[in-house]
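Biologist: I should like to take a close look at a single part of this model. Please describe one strand with its surroundings, and then turn to a pair of helices.

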Amino acid sequence: MHRRDFLKSLSVAAAAPSLPAAASGKPNIVLIVGDDLGYGELSCQGAKDISTPNIDSIARGGVRFTNGYVSCPVCSPTRAGLMTGRYQQRFGHEFNPGPEEQAQGEFGLPLTETTIANRLKPLGYATGMVGKWHLGYKPELHPMKRGFDEFFGFLGGAHQYLETSVRRTARIMRGTEVIAEKEYLTDAFAREAVAFIDRRKAAPFFLYLPFNAVHAPLEAIEKYLDRFASVTDLRRRTFLAMQSAMDDAVGRVLSKLRQEKLEENTLIFFISDNGGPTLSTSSANGPLRGYKGMVLEGGIRVPYMAQWKGRIPAGKVYDQPVISLDIHPTAV
């Protein structure tokens, strides 16, 4: 099947008669993004030293794309493309900005661009974001100015995972208010994503859940480190613990959808924002050459899967090229 044919099949499915879970006939949409997750770091992608049953279940319940690409090998440009469905070079968003205090004043997703949240709101969707933004620091570039009804997360490109303070430069925000967060950050993002679904379950919703896991800094709590006690390399052990925490968090979101009987009326995507930075975090890119920051396969070919139970065939492996830019028009 050609890629366009597959996307067309999703569009036809979206026009099918409504399911009991949603009288409107519009599916909920959940877009989950891993950060710096290498091509070979999921058990469904061939990883041998970790099990990722919850993320794997998306592939098992839908389609795993073996040639899924992103539009840049680093974080911010990829997210600009993902949010707009357009190559980010077309609007000058080609580079990472660095920390907030070093970023150029004009950094951010241009206001001329329309985000996926901007498009879904007029279609009757409640829109929420939980996680890493990395598309602008200025008030007018805040997620809630770019189509999102709710936001919990941080604006920059990286954040510590352990208890946060309102005094730190990288800060957690609820809406536009800076807050202190005591929970391990990946767990906190799971908590907030589940709470969003609970608040918005009565009508179609779009949940954008871009984790900062497994991006540096390498920080994990004992609950997750204990799962990898036999791993002697501390860097690798911490990375695996962080990834296991993200898999648990994805599981909590999927469990909530099942609990609310929403799973069969929810289109779910999982993707990484770019390849793993193997030298710094150990995030490996499987058989591919290169890593984050490079336009070799290891920098731009990523784990990529989609599930819509009852609409997308389950357990399929699709080898034709797809790209992160496809998600925006497919969802709309």
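Modeller: A suitable starting point is a single pairing: Leu 31 has Tyr 208 of strand S8 as its bridge partner. This is a predicted model, and the description should be read as such. Leu 31 lies within strand S1, which covers residues 28-34, and S1 is joined to S8 by 5 bridges, the two strands running parallel. Strand S8 also pairs with strand S4, residues 126-132; here 4 bridges join the two, and they too run parallel. Within S4, Ala 126 stands opposite Phe 205 of S8.

The surroundings of S8 may be considered next. Strand S8 spans residues 205-210, and 6 of its 6 residues are buried, so the strand is largely enclosed by the rest of the structure. Buried here means a relative accessible area under 20%. Both faces of S8 are covered. Phe 205, Leu 207 and Leu 209 are buried on one side, while Phe 206, Tyr 208 and Pro 210 are buried on the other. Tyr 208, the partner of Leu 31, is thus among the buried residues of S8.

The helix pair consists of H2, residues 53-60, and H7, residues 234-259. Their axes come within 7 Å and cross at roughly 55°, and the two helices are therefore oblique to each other. On the H2 side, the contact is made by Pro 53, Asn 54, Ile 55, Ser 57 and Ile 58. On the H7 side, it is made by Met 246, Asp 247, Asp 248, Val 250, Gly 251 and Leu 254. By class, this contact of H2 with H7 has 6 nonpolar, 3 polar and 2 charged residues.

Notes. Residues numbered from 1 in each chain as written. Predicted model: local features only at pLDDT ≥ 70, side-chain atom pairs only at ≥ 80, totals over all residues. Heavy atoms only, no water. Axes fitted to C-alpha atoms, helices over the stretch in contact; angles between N-to-C directions. Parallel < 35°, antiparallel > 145°, perpendicular 65-115°, else oblique. Contact = heavy atoms within 4.5 Å. Nonpolar A, V, L, I, M, F, W, Y, C, P; charged D, E, K, R; others polar. Buried < 20%, exposed > 50% of the residue type's maximum accessible area, 1.4 Å probe, protein only. Pairing = 2+ DSSP bridges.
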